[in-house]
Amino acid sequence: MTRAGTPLPGADGVVQSVCEKLLAEPAEVMSDLHDAVFAAAIEPFRTEPSLVAEITASSRANLLHWAASVRSAPREPVTANLSAEVVGIARDAFRRGVEQILVTAYHAGHNALWRHWMRLAFTVSSNPVVLQEALDVAARSLADFVDVTLAALAAQLESERAELTRDSHAQRFELVSLVLEGAPMANDRASDRLGYRFEGRHTAAVLWTDPGAPDRRGLQRAAEALGAVTQAQQTLDVIASSTSVWTWLANATAVDAQTLAAATSHIEGVRIAMGPADTGVEGFRRSHLDAVETQRLMQRLPDLHFASFADVQLVTLATYNEQRAIEFVARTLGRVATADAELRETLRIYIREQFSASRAARTLFAHRNTVLNRIQRAAEMLPVSLDTNGLEIGVALEIAHWLGHQPT
């Protein structure tokens with residue numbers, strides 16, 4: 001500070017410059033932030049795909065809210081962030097009776113972000129006096145923001161306590177979770193309380209939306225559309241989180257994935273992962289777990305609206321050890337692994353269509369000669385023969401497609 005008590009010149013500029021860097025969402029910062037928050041979380045928040053997406057979105061929203069506010073006015077208090085992403089995951093923690101993890105997770109994220117903030121500050125200025133003040137301004141601001149957001153969330157959850165605890169959906173979710181966990185209980189009793197019979201055949205689905213734009217009505221409409229198109233004798237819908245619904249269709253008519261996707265494609269923003277049909281209470285569980293596994297892979301492909309477990313079953317087995325799977329892709333595909341995506345997709349569909357250029361052309365809406373030209377180019381780039389290694393190449397292409405990235 002100067003003798004007049006005014007801020008030293010340059011400190012605000014350092015604060016604003018660092019916030020500008022954070023707003024660019026550097027991969028290392030975002031990755032460390034998310035890792036710290038997940039390390040402080042508990043199951044199922046670490047693994048259930050919808051909850052993982054909500055936590056990731058909430059952490060990102062908080063970082064961007066704070067950084068944007070401080071960049072605009074470094075010395076002004078930052079208002080609490082009560083965006084849809086932030087409130088949604090807080091409600092989910094409350095419904096599960098673990099709202100105390102919010103404090104732990106927020107402070108873990110705070111610490112991770114602060115480590116990066118200090119490092120970035122030293123890339124902006126080397127003046128120790130300016131840096132000292134900039135660090136003090138940012139440290140106070142970030143700590144106050146975390147405290148005010150946690151206080152605001154606590155107040156909101158308290159105001160909603162009666163509604164959240166009396167919510168029939170919360171009670172249904174708790175009961176279904178016990179069934180999925182295999183808790184000792186009479187199936188008839190659970191069936192009576194849920195209004196859904198466990199005898200017969202079950203087809204499970206997971207429906208979800210973007211954490212930043214949750215759409216409860218859209219999820220409900222999509223679940224109803226699935227029940228209608230499959231002519232299910234019974235349906236069970238359970239709100240699983242702020243952005244997702246679990247659905248079971250009892251004794252549904254077998255319908256191909258294309259028809260199911262078309263029946264729900266008009267409901268914008270809702271994504272669907274379907275499990276296979278299975279029988280009895282064990283089938284009820286297995287179909288759901290397979291739908292969740294399908295959802296987990298779909299999260300890597302944000303533009304994909306619908307998928308069934310049949311689409312990903314091979315990949316789930318092949319990617320049990322993801323690092324080894326990536327090595328297999330690179331070794332099997334060679335230059336094709338990093339080639340143009342259109343070339344790789346043509347070869348994938350060609351193999352899926354049992355090496356028929358005509359069927360691949362229809363699937364890809366391309367001319368047969370175009371498909372043949374691409375296949376020839378791909379064959380020349382492959383390190384192994386397409387004629388004798390079609391199975392391995394097809395598996396490698398499926399892995400690359402569903403992992404949503406190209407091996408290096």
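Start with the second largest cavity in this predicted model: ten residues line it, and it holds about 90 Å³ of space. If you want to find its centre, look for R95, H169, A170, F173 and I239, which are the lining residues nearest to that point. Two elements give two or more residues each to this lining, namely helix 8 (168-180) and strand 2 (234-241). As for the character of the walls, the lining of this second largest cavity is a mix: four residues are nonpolar, two are polar and four are charged.

How many cavities of 30 Å³ or more are there? The count comes to two, so let's move on to the other one, the largest cavity. Its volume is about 320 Å³, and 22 residues make up its lining. Here the ones to pick out are V37, S59, N62, A105 and Y106, since they sit closest to the centre of the largest cavity.

Now trace which parts of the chain wrap up this lining. Helix 2 (27-40), helix 3 (49-72), helix 4 (84-95), helix 5 (101-124) and helix 6 (128-159) each put in at least two residues. Which helix supplies the largest share? That would be helix 5, with seven residues in the lining of the largest cavity.

The make-up of the walls is worth a look here too. In the largest cavity, 17 lining residues are nonpolar and five are polar, with no charged residues at all. Flip back to the second largest cavity, and you'll find four charged residues in its lining.

Methods
Residues numbered from 1 in each chain as written. Predicted model: local features only at pLDDT ≥ 70, side-chain atom pairs only at ≥ 80, totals over all residues. Heavy atoms only, no water. 1 Å grid on protein atoms, 1.4 Å probe; cavity = no way out; pocket = protein on both sides within 12 Å on 5 of 7 lines; lining within 4 Å. Points joined across faces, edges and corners; volume = space filled by probe spheres on them. Helix = DSSP H or I, 4+ residues; strand = E, 2+ residues; numbered from the N terminus. Nonpolar A, V, L, I, M, F, W, Y, C, P; charged D, E, K, R; others polar.
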